[in-house]
Amino acid sequence: MERNEVQSYIQTNMKEDKDAQRLERSEIVLKKLVCCRNFDLQTFLVALLKEQVAGYYDPQTKTVNLLNWVDADSQRPVLAHD
């Protein structure tokens with residue numbers, strides 16, 4: 001998978017996630033206590049995950065997705081984990 005596919009997957013699942021309200025509440029707390037008022041937690045998390053995720057399991061399709069920017073030697077432990 002490519003980075004833009006990962007980003008699309010994350011954004012879609014965040015919208016459909018049961019814990020979306022918890023994410024919104026966390027953003028409010030962060031804005032009040034830690035970050036600036038215009039902090040967008042969802043945008044931050046999507047950008048972070050897009051760069052840090054090496055692979056993931058999609059329970060809907062029952063598929064393990066490995067990301068194409070991760071070299072083959074690094075994909076082995078990701079595949080074993082997921």
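Modeller: In this predicted model, a residue is called exposed when its relative accessible area is over 50%, buried when that area is under 20%, and partly exposed in between.

Biologist: Why is V34 called exposed?

Modeller: The relative accessible area of V34 is 64%. The cut-off for exposed is over 50%, so V34 counts as exposed. V34 lies in the loop between α2 (20-33) and α3 (41-52).

Biologist: Which residues make the nonpolar surface patch, and what is its area?

Modeller: V29, L33 and V34 make this patch, with an area of about 330 Å².

Biologist: Why is L49 called partly exposed?

Modeller: L49 has a relative accessible area of 32%. Partly exposed covers the values between under 20% and over 50%, and L49 is therefore placed in that class. This residue lies in helix α3.

Biologist: Where does L49 stand with respect to the largest pocket?

Modeller: The largest pocket has a volume of about 340 Å³. It is lined by 15 residues, and L49 is among the closest to its centre, together with I10, N13, M14 and D17. Helix α1 (3-16) supplies the largest share of the lining, 5 residues. By class, the lining has 9 nonpolar, 2 polar and 4 charged residues.

Biologist: How do you know that K31 and E27 form a salt bridge?

Modeller: The closest N and O atoms of K31 and E27 are 3.1 Å apart. The cut-off is within 4 Å, so the pair qualifies as a salt bridge. Both residues lie in helix α2, 4 residues apart, about one turn of the helix.

Biologist: Are K31 and E27 buried, partly exposed or exposed?

Modeller: K31, at 28% relative accessibility, counts as partly exposed. E27 has a relative accessible area of 17%; buried means under 20%, so E27 is buried.

Biologist: How many salt bridges does a search of the whole structure find, and what makes D73 and R76 one of them?

Modeller: The search finds 2 salt bridges. In the pair of D73 and R76, the closest N and O atoms are 3.0 Å apart, and the cut-off is within 4 Å; the pair therefore meets the definition. D73 and R76 are 3 residues apart in helix α4 (residues 72-81), about one helical turn. Both D73 and R76 are exposed.

Biologist: What makes the phi of K62 notable?

Modeller: Most residues other than glycine have a negative phi. K62 is not a glycine, yet its phi is positive, about 55°. K62 lies in the loop between β1 and β2 (63-66). At 65% relative accessibility, K62 is exposed, because the cut-off is over 50%.

Methods: Residues are numbered from 1 along each chain as its sequence is written. This is a predicted model: local features need pLDDT of at least 70, side-chain atom pairs count only at pLDDT 80 or more; totals for chains, interfaces and linings use all residues. Side-chain values use heavy atoms; hydrogens and water are left out. Patches are made of residues with over 30% relative accessible area and no salt bridge: like charges are joined within 9 Å, nonpolar side chains (Val, Leu, Ile, Met, Phe, Trp, Tyr) within 5 Å. Accessible areas come from the Shrake-Rupley method with a 1.4 Å probe; for residues, only the protein chains shown count as cover. A salt bridge is a side-chain nitrogen of Lys or Arg within 4 Å of a carboxyl oxygen of Asp or Glu. Helices (H or I, at least four residues) and strands (E, at least two) are DSSP runs, numbered from the N terminus. Buried means under 20% relative accessible area, exposed over 50%, partly exposed in between (1.4 Å probe, protein chains only). On a 1 Å grid over the protein atoms alone, a cavity is a set of points where a 1.4 Å probe fits but cannot get out, and a pocket is an open set with protein on both sides within 12 Å along at least five of seven lines; lining residues have an atom within 4 Å of a point. Grid points are joined across faces, edges and corners, and a volume is the space filled by probe spheres set on the points. Ala, Val, Leu, Ile, Met, Phe, Trp, Tyr, Cys and Pro count as nonpolar, Asp, Glu, Lys and Arg as charged, and the others, Gly among them, as polar.
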